[in-house]
Amino acid sequence: MESDRTSSPSSPKGWGVNFSTPRNFVVKFRSKCKETFFPDDPFKPISQEPNGLIKTKKTLEYFVPIFEWLPKYNLQKLWYDLLAGVTITSLAVPQGISYANLASIPPIIGLYSSFVPPFVYAMLGSSNTLAVGTVAACSLLISETFGEDLLKKDPNLYLHLIFTSTFITGVFQFALGFFRLGILVDFLSHSTITGFMGGTAIIILLQQLKGVFGIVHFTHKTDVVSVLHALFTHRDEWKWQSALAGLCFLIFLQSTRYIKKIKPKLFWVSAMGPMVVVLVGCLVAYLVKGTEHGIQTVGPLKKGLNPPSIQYLTFDAKYLPLVFKAGIVTGLIAMAEGIAIGRSFAVMKNEQTDGNKEMIAFGLMNIIGSFTSCYLTTGPFSKTAVNYNAGTKTPMSNVVMGICMMLVLLFLAPLFSYTPLVGLSAIIMSAMLGLIDYEEMYHLFKVDKFDFLVCMSAFFGVSFLSMDYGLIISVGLSVVRALLYVARPSTCKLGRIQNSVMFRDIEQYPGAEEMAGYVILQLGSPIFFANSTYIRERILRWIRDEHEVVEFLFLDLSGVSSIDMTGMETLLEVRRILGPKGIKMVIINPRFEVLEKMMLSHFVEKIGKEYVFLSIDEAVQSCQFNLSTAKPEPCS
């Protein structure tokens with residue numbers, strides 16, 4: 001290809017544009033796949049190693065992160081991790097029992113779920129701070145998906161289906177991580193997660209009123225209206241003693257949270273609060289023989305480690321739709337929450353986490369968990385925050401928690417059988433009050449009204465309809481917004497900044513000088529079938545709005561990452577429309593992929609290489625030199 005040309009007296013000259021031979025399909029396809037699935041290029045440092053043994057070692061460290069941090073481990077780190085592990089265990093026991101109660105499964109399953117999964121995550125997880133455990137939102141969503149009728153009809157089948165849905169969750173999460181499809185999680189925007197967690201907190205708070213008031217008969221529906229209706233319909237079951245105990249527990253827990261807020265170094269006070277509630281509740285219930293006085297307790301908890309449950313996985317076609325719905329929806333939410341929390345705390349410690357490694361770790365964690373009597377686990381915010389504040393250094397804190405949970409299961413589990421449900425309700429309510437992020441919602445309202453709408457749609461959808469409908473509505477609005485960005489891309493008119501060669505948006509920089517005879521437009525998105533009509537109409541409108549004679553239309557394609565045949569035909573159509581009016585179209589700085597397509601489709605030949613420039617300033621200089629003699633080109 002010619003790199004330099006003699007300019008025609010009637011046309012501007014293209015300067016420095018690289019019209020190299022387009023790459024072949026295989027090269028472009030490989031490059032595209034690499035950018036899509038491996039944007040961080042994780043294997044480059046490995047491939048650059050000349051030593052085969054070191055290359056193997058680094059490959060193993062990449063896929064199994066424990067081999068990276070364990071050889072560097074020392075006693076100083078162990079001390080911090082030991083403290084953090086014991087601290088989060090004190091939170092894991094009451095939360096495990098409480099969230100299992102939310103999922104309507106035996107409390108011991110909640111304890112099992114904090115024993116096996118932490119060991120798996122410690123081996124495969126990329127976050128040094130994330131603490132593994134069950135979460136309230138997914139626990140309630142599981143219960144809502146399988147329903148009260150199935151629970152009453154066959155409790156064993158209900159539990160087996162939960163194990164099966166956990167297995168499906170694990171396979172789904174592992175597949176996303178293995179095939180590096182973390183892009184799917186991006187559709188759960190920050191606004192969606194904020195609204196979803198807030199709405200979930202509201203309905204979980206209301207559900208706990210059953211335990212606070214000691215009500216026996218209560219609805220399993222989760223919407224606000226149904227819960228409030230059930231609460232006031234069964235006023236005859238309200239027990240003031242239970243309500244008073246619940247209020248005292250809640251005030252105590254909120255006080256510990258307030259202490260942590262004003263004095264962060266006393267984080268352990270808040271972390272130990274739930275365990276204190278459980279121990280005090282157990283002691284009181286045991287001494288006064290609470291069950292004889294109507295105080296509902298957790299019930300028998302057997303000693304022993306997790307029994308195998310692989311034989312209970314049920315793939316009956318009758319229940320598969322429910323299993324897949326519960327597994328995929330809860331898996332997506334748990335994964336998005338866990339990855340977001342891990343990244344948030346990693347930023348605070350100036351560290352990085354790998355989203356795809358996290359998905360693989362979560363997936364294997366849940367697959368192995370489903371084989372060992374565990375239900376869905378991820379990285380809960382409250383436990384991770386405690387782990388961070390306790391000064392954890394590595395994932396070893398999860399190993400410490402797993403060992404502590406093993407000791408609890410082997411020796412202490414029966415002691416927790418006296419735990420009053422009112423105490424668990426208070427623990428859950430205290431945790432949920434921290435999930436309603438009013439400040440973030442207000443921040444969204446101030447910064448971006450559409451983000452606020454997305455957040456509120458999730459919040460009210462979850463609160464008044466159901467968790468899955470709230471999520472669908474919010475994600476749907478987010479997708480609509482993304483489509484609007486694509487279908488209605490931003491375009492702006494550029495002017496020259498005084499005494500410089502820079503051209504900027506005249507709306508953003510009112511002092512920028514518009515150049516007589518020129519319309520310089522910047523396109524800021526891919527040009528393809530979905531937005532080509534809009535782009536054509538917008539360009540022509542810019543031309544119509546000009547009060548002076550236009551000689552040149554400059555299209556700055558620096559921000560156009562790709563273009564399809566419809567997009568190129570649209571630009572040619574604009575050129576044909578403007579040609580009879582004596583207006584020449586000039587292309588500025590097309591990106592590599594865009595220029596390749598323009599060359600392969602003969603677009604460049606049709607408009608002429610002399611009308612493609614590297615920069616706006618070069619194009620302006622050339623056009624100014626030839627403006628008085630320029631003649632319209634014949635239409636293509």
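Student: Which helix supplies the largest share of the lining of the second largest cavity?

Tutor: Start with a caution: this is a predicted model. To read a lining, sort its residues by element. Here helix 10 gives the largest share, four residues. Helix 15 (320-348) also supplies at least two.

Student: Which residues line the second largest cavity?

Tutor: Leu188, Thr192, Ile193, Phe196, Met197, Ile333, Ala336, Glu337 and Leu471. By class, that lining has seven nonpolar, one polar and one charged residues. The space inside is about 60 Å³. The structure holds three cavities of 30 Å³ or more.

Student: Is helix 10 mostly covered or mostly uncovered?

Tutor: Count its buried residues, those under 20% relative accessible area. In helix 10, 15 of 18 residues are buried, so by that cut-off the helix is mostly covered.

Student: What span should helix 10 have?

Tutor: Use the rise of 1.5 Å a residue. Helix 10 covers residues 190-207, so its 18 residues should span 26 Å. Its end C-alpha atoms are 26 Å apart, which agrees.

Student: Now the pockets. What is the volume of the second largest pocket?

Tutor: About 820 Å³. It has 27 lining residues, and Pro65, Glu68, Ser126, Gln352 and Lys357 are the closest to its centre.

Student: Which elements give two or more residues to that pocket's lining?

Tutor: Helix 2 (44-47), helix 3 (52-63), helix 4 (66-69) and helix 15.

Student: How do the residues of this pocket's lining divide by class?

Tutor: Into nine nonpolar, seven polar and eleven charged.

Methods. Residues numbered from 1 in each chain as written. Predicted model: local features only at pLDDT ≥ 70, side-chain atom pairs only at ≥ 80, totals over all residues. Heavy atoms only, no water. Expected span 1.5 Å × (residues − 1). Buried < 20%, exposed > 50% of the residue type's maximum accessible area, 1.4 Å probe, protein only. 1 Å grid on protein atoms, 1.4 Å probe; cavity = no way out; pocket = protein on both sides within 12 Å on 5 of 7 lines; lining within 4 Å. Points joined across faces, edges and corners; volume = space filled by probe spheres on them. Nonpolar A, V, L, I, M, F, W, Y, C, P; charged D, E, K, R; others polar.
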